[in-house]
Amino acid sequence: MIRLAQAYLLEAKWTHQNYKPTFEEFRDNALPTSGYGMLAITAFVGMGDVITPETFAWATNDPKIIKASTIICRFMDDIAEHKFKHRREDDCSAIECYMEQYGVTAQEAYDEFNKHIESSWKDVNEEFLKPTEMPVPVLNRSLNLARVMDVLYREGDGYTHVGKAAKGGITSLLIDPIPL
């Protein structure tokens, strides 16, 4: 919580001082403010005996799968947010920081962010392919949260504007499930 509060405070300071951070400054602060790390840890609650104090210690040390899933979540959100202009005018965005710093177009920034997203998916997959210190059900929590972000943001901003993909997924899962 302290890390999250400090990250929010830094964003407020930038806005108040009308400071435009570099892309790297923005990215390093934006990953914690996505809230994904806290969500991933909260998702362990109710999993029973598979979750131990060591699980929480592992999760708070920024393991590769949680970091990669956070990048997937944040960067997909950043692209959708920029395309659909969901930020207030006085807020800077990761895409705009990247465009300004590197002198590229929005599409070139989207392409670069998508490369990071693809690389992060590889990191998530890698965590399942090699022996790990955590049981697979723990890793599945991060994987499934990243999958939700992928469904919500693959075709635009399905979080803010629920579209066919999200409605179709919910309908097929809860309303019209396939009988087993």
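# A tour of the helices and aromatic rings

Start with α6 and α7, whose axes lie 9 Å apart and which pack at an angle of about 110 degrees. That angle makes α6 roughly perpendicular to α7. Viewed as a crossing, α6 passes α7 in a right-handed sense. The model on screen is a predicted one.

**Stop 1: along α7**

Keep helix α7, residues 106-129, selected and add α5. The axes of these two helices are 8 Å apart, and the packing angle is about 155 degrees. α5 is therefore roughly antiparallel to α7, since an angle over 145 degrees counts as such. The crossing of α5 and α7 is left-handed.

Now swap α5 for helix α8, residues 136-153. Here the axes of α7 and α8 are 10 Å apart, with a packing angle of about 160 degrees. α7 and α8 are thus roughly antiparallel to each other. Their crossing is left-handed.

**Stop 2: α5 itself**

Select residues 64-83, which make up α5. The helix has 20 residues, and from its first C-alpha to its last it reaches 28 Å, close to the 28 Å expected at 1.5 Å a residue. How much of α5 is buried? Of its 20 residues, 17 are buried, so the rest of the structure largely encloses the helix.

Step just past the end of α5 to Lys 85, where phi is positive, at about 50 degrees. Then go to Lys 83 and show the ring of Tyr 110 with it. Lys 83 lies over the face of that ring, 5.0 Å from the ring centre.

**Stop 3: Ala 30**

Select Ala 30, in helix α2, residues 23-33. Ala 30 has a relative accessible area of 2% and is therefore buried. Add Thr 70, which is 40 residues away from Ala 30 along the chain. The C-alpha atoms of Ala 30 and Thr 70 are separated by 9.8 Å.

**Stop 4: aromatic rings**

Next, show the aromatic side chains. A search of the whole structure finds nine aromatic pairs. One of them is formed by Trp 14 and Tyr 19, with ring centres 6.2 Å apart and planes at 45 degrees, so this pair is tilted. Is each partner buried or partly exposed? Trp 14 is buried, with a relative accessible area of 9%, whereas Tyr 19 is partly exposed at 35%.

Move on to Tyr 98 and Tyr 102, whose ring centres are 4.6 Å apart. Their planes stand at 40 degrees, so this pair is tilted. Both residues belong to helix α6, residues 94-102, and they sit four residues apart, about one turn of the helix. Tyr 98 counts as buried, at 12% relative accessibility. Tyr 102 is partly exposed, with a relative accessible area of 40%.

Which residues form one aromatic cluster with Tyr 98 and Tyr 102? Add Phe 23, Phe 75 and Phe 113 to the selection to complete the cluster. Leave these rings displayed and bring back the α6 and α7 axes from the start of the tour, which lie 9 Å apart.

Notes. Residues numbered from 1 in each chain as written. Predicted model: local features only at pLDDT ≥ 70, side-chain atom pairs only at ≥ 80, totals over all residues. Heavy atoms only, no water. Expected span 1.5 Å × (residues − 1). Buried < 20%, exposed > 50% of the residue type's maximum accessible area, 1.4 Å probe, protein only. Phe/Tyr/Trp six-rings, centres within 6.5 Å; stacked < 30°, edge-to-face > 60°. Lys NZ or Arg CZ within 6 Å of the ring centre and 35° of its normal. Axes fitted to C-alpha atoms, helices over the stretch in contact; angles between N-to-C directions. Parallel < 35°, antiparallel > 145°, perpendicular 65-115°, else oblique. Left-handed = near helix turned anticlockwise from the far one by under 90°.
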